[in-house]
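Colleague: I have a few questions about how the labels on this model were earned. Can you take me through the reasoning?

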Amino acid sequence: MIQRIQSIYLLIALISMSLFSFKVSIYSFDGRAFFALDDSKIFILAISGALLVAIGLFMFSKRKLQMKLTRIAGLIQIIICIRLFVLFNAFEADLNNTSLLILVFNLIALIMAYRSIKKDDELVRSIDRIR
C-alpha cells in the first residue's frame with residue numbers, strides 16, 4: 001500500500017485535510033479568527049473529504065473505486081473553495097492565506113494521486129492484454 005506513489009499522495013491529502021479541519025484558521029471577521037469547526041458547512045465538507053481520502057487510501061486493490069473517491073474528494077475541495085470565496089464576498093471577511101495554501105496543496109495532491117492511480121490501472125490493463 002505505502003510503496004505506491006498514489007498512496008503517498010493520498011496520505012499527504014489526508015494530513016492536509018486534517019490540518020485544515022482542526023488546526024488552521026480559515027478566515028477572520030472583526031478581529032476574531034474562525035476555524036472550520038465554527039462553520040458547520042465547511043467542517044462537514046472537510047471531514048467528508050478527509051473520510052473519502054482515508055477510504056480511498058485503503059482501497060488500493062480496487063483502483064476504479066479509488067479513482068472515484070479521489071475525484072469526489074477533489075470536487076469537495078472545489079466546493080470548499082467556492083464556499084470560502086462566497087463568505088469572503090458576502091461578509092468582507094479576511095481569508096487566511098495558510099488555509100488557501102493548504103486547500104491548493106491538497107487539490108494538487110489529489111490530482112497527482114488520481115493521475116498515478118490512472119497510470120497504474122492502465123499498466124495493469126496493458127499487462128492483462130498481453131496474456
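Modeller: Start with the term itself. A salt bridge here is a side-chain nitrogen of Lys or Arg within 4 Å of a carboxyl oxygen of Asp or Glu. This is a predicted model. Searching the whole structure by that rule turns up three salt bridges.

Colleague: What makes Asp121 and Arg63 a salt bridge?

Modeller: Their side chains meet at 3.2 Å, N to O. The cut-off is within 4 Å, so the pair qualifies. Asp121 is in helix H4 (residues 97–130) and Arg63 is in helix H3 (residues 63–91). The two are 58 residues apart, so the pair links distant parts of the chain.

Colleague: How do you know that Asp121 is buried?

Modeller: Buried means under 20% relative accessible area. Asp121 has 8% relative accessibility, so Asp121 counts as buried. Arg63 is buried too.

Colleague: Why is the contact of Asp121 with Lys64 called a salt bridge?

Modeller: The closest N and O atoms of Asp121 and Lys64 are 3.4 Å apart. The limit is 4 Å, so the name applies. Asp121 lies in helix H4 and Lys64 in helix H3, so this pair ties together parts that are 57 residues apart in sequence.

Colleague: Why is Lys64 called partly exposed?

Modeller: Partly exposed is the range between under 20% and over 50%. Lys64 is at 43% relative accessibility, so Lys64 counts as partly exposed. Arg125 is also at 43%, and therefore counts as partly exposed.

Colleague: What makes Arg125 and Asp121 a salt bridge?

Modeller: The N to O value is 3.5 Å. That passes the rule of within 4 Å, so this pair counts. Both residues lie in helix H4, four residues apart, about one turn of the helix. Arg63, Lys64, Asp121 and Arg125 are linked in a network of salt bridges.

Colleague: How do you know that the span of H3 is close to the expected one?

Modeller: H3 has 29 residues. The expected span is 1.5 Å times one less than the number of residues. That gives 42 Å, and H3 reaches 42 Å from its first C-alpha to its last. Glu92 follows H3, with a positive phi near 55°.

Colleague: What makes Phe105 eligible for the nonpolar patch?

Modeller: Patch residues need over 30% relative accessible area and no salt bridge. Phe105, in helix H4, has a relative accessible area of 47%, so Phe105 is partly exposed and clears the area cut-off. Ile5, Ile8 and Ile12 are also in the patch, and the four residues together have about 330 Å² of accessible area. Helix H1 (residues 5–22) gives the largest share, three residues.

Note on methods. Residues numbered from 1 in each chain as written. Predicted model: local features only at pLDDT ≥ 70, side-chain atom pairs only at ≥ 80, totals over all residues. Heavy atoms only, no water. Buried < 20%, exposed > 50% of the residue type's maximum accessible area, 1.4 Å probe, protein only. Patch = residues over 30% accessible without salt bridge, like charges linked within 9 Å, V, L, I, M, F, W, Y side chains within 5 Å. Areas by Shrake-Rupley, 256 points an atom, 1.4 Å probe, with all protein chains shown as cover.
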